[in-house]
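Please look over the model shown here. The notes that follow cover its helices, cysteines and loops.

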Amino acid sequence: KTKFRIMSDYTKTNKVTHAGVEVSNWSGDWSCSVCKRKRLIAAEFSKKMQEKRHKDPSAPLKCKECVEKAQKAEQEAAASSSSLKKDEFHICSACKKSLNVSNFTTAQLKKGPEKQRCSQCITRATQEEAKASESRKAQAIIDAKKAVKDAEASGSVADQLKANAKLAALEGELVTGIRPKAARGRSGRGRARR
């Protein structure tokens, strides 16, 4: 399996298309307030940033790349900080190593010895979580494309519509960051409920 750093890498590599339009050419209306890149798709931003944008469209946003750069800079600054006790050691709850206090953020040290994790373990866990999320999204699109091909082979128009709708919803989520919602119950005209 090929690992993709971000979903846009997946779309460019696999030349994902929908209704004859190449997805890698899609652009969103998202902008990063730090690096000033514009016309980004929602997949370039974390879930929290997407939620922030949906609540307030004018809110300043940071793309995933800028967040990673800021985290690295913060970790380097914490490691070189002279105000910390250099002879103090703590045990990381994840890797079980006894490490110098400079390997922990202040927030992690406040959690106590049972829950504190070193910066390296936090970074590793964050990266693994991001990779897993991206691979799930990529796999969902691959599965949806297979379902479209299977539906076209079956000849059933209803199956084709359902498969194409699912694929469009997944690709739309990639660009907009908005998850599709299934309609519940009956709506529209009809008898009123009593």
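## Helix H5 and the overall fold

Helix H5 covers residues 119-154, and at 1.5 Å a residue its 36 residues should span 52 Å; the end C-alpha atoms are 52 Å apart, which agrees. This is a predicted model.

Which residues of H5 are buried? They are Ser119, Cys121, Ile122, Glu134, Ala138, Ile141, Ala144, Val148 and Ala151. In general, an α-helix has 3.6 residues a turn, so residues three or four places apart point the same way. After H5 comes Gly155, with a positive phi near 85 degrees.

H5 is part of a chain with six helices and four strands. Along the sequence, the pattern reads α-β-β-α-α-β-β-α-α-α. The chain has 194 residues, and 27% of them are buried. Take the contacts between residues at least 6 apart in sequence: 42% of these join residues at least 24 apart. The accessible surface of the chain is about 13900 Å². Carbon and sulfur atoms account for 52% of that surface.

## Cysteines

How many disulfides does a search of the whole structure find? The count is zero. A disulfide needs two cysteine sulfur atoms within 2.5 Å. The sulfur of Cys35 has its closest cysteine sulfur in Cys32, at 3.5 Å, so the two are too far apart for a bond. Cys118 is in no disulfide either; the nearest cysteine sulfur belongs to Cys121 and is 3.4 Å away.

Is Cys118 buried or exposed? Cys118 is buried, because its relative accessible area is 1% and the cut-off for buried is under 20%. Cys35 counts as partly exposed, at 32% relative accessibility.

## Loop residues with positive phi

Most residues other than glycine have a negative phi. Lys36 has a positive phi although it is not a glycine. Lys96, also a residue other than glycine, has a positive phi too. The table gives their values and places.

| Residue | Phi | Loop between | Relative accessible area |
|---|---|---|---|
| Lys36 | about 65 degrees | strand E2 (21-22) and helix H2 (47-55) | 56%, exposed |
| Lys96 | near 65 degrees | strand E3 (89-91) and strand E4 (98-100) | 61%, exposed |

Why do these two lysines count as exposed? Exposed means over 50% relative accessible area. Lys36 has 56%, and Lys96 has 61%.

## Aromatic rings

The count of aromatic pairs comes to one. A charged side chain also meets a ring: Arg53 lies over the face of Trp30, at 4.5 Å from the ring centre.

Methods:
Residues numbered from 1 in each chain as written. Predicted model: local features only at pLDDT ≥ 70, side-chain atom pairs only at ≥ 80, totals over all residues. Heavy atoms only, no water. Helix = DSSP H or I, 4+ residues; strand = E, 2+ residues; numbered from the N terminus. Expected span 1.5 Å × (residues − 1). Buried < 20%, exposed > 50% of the residue type's maximum accessible area, 1.4 Å probe, protein only. Phe/Tyr/Trp six-rings, centres within 6.5 Å; stacked < 30°, edge-to-face > 60°. Lys NZ or Arg CZ within 6 Å of the ring centre and 35° of its normal. Contact = heavy atoms within 4.5 Å. Areas by Shrake-Rupley, 256 points an atom, 1.4 Å probe, with all protein chains shown as cover.
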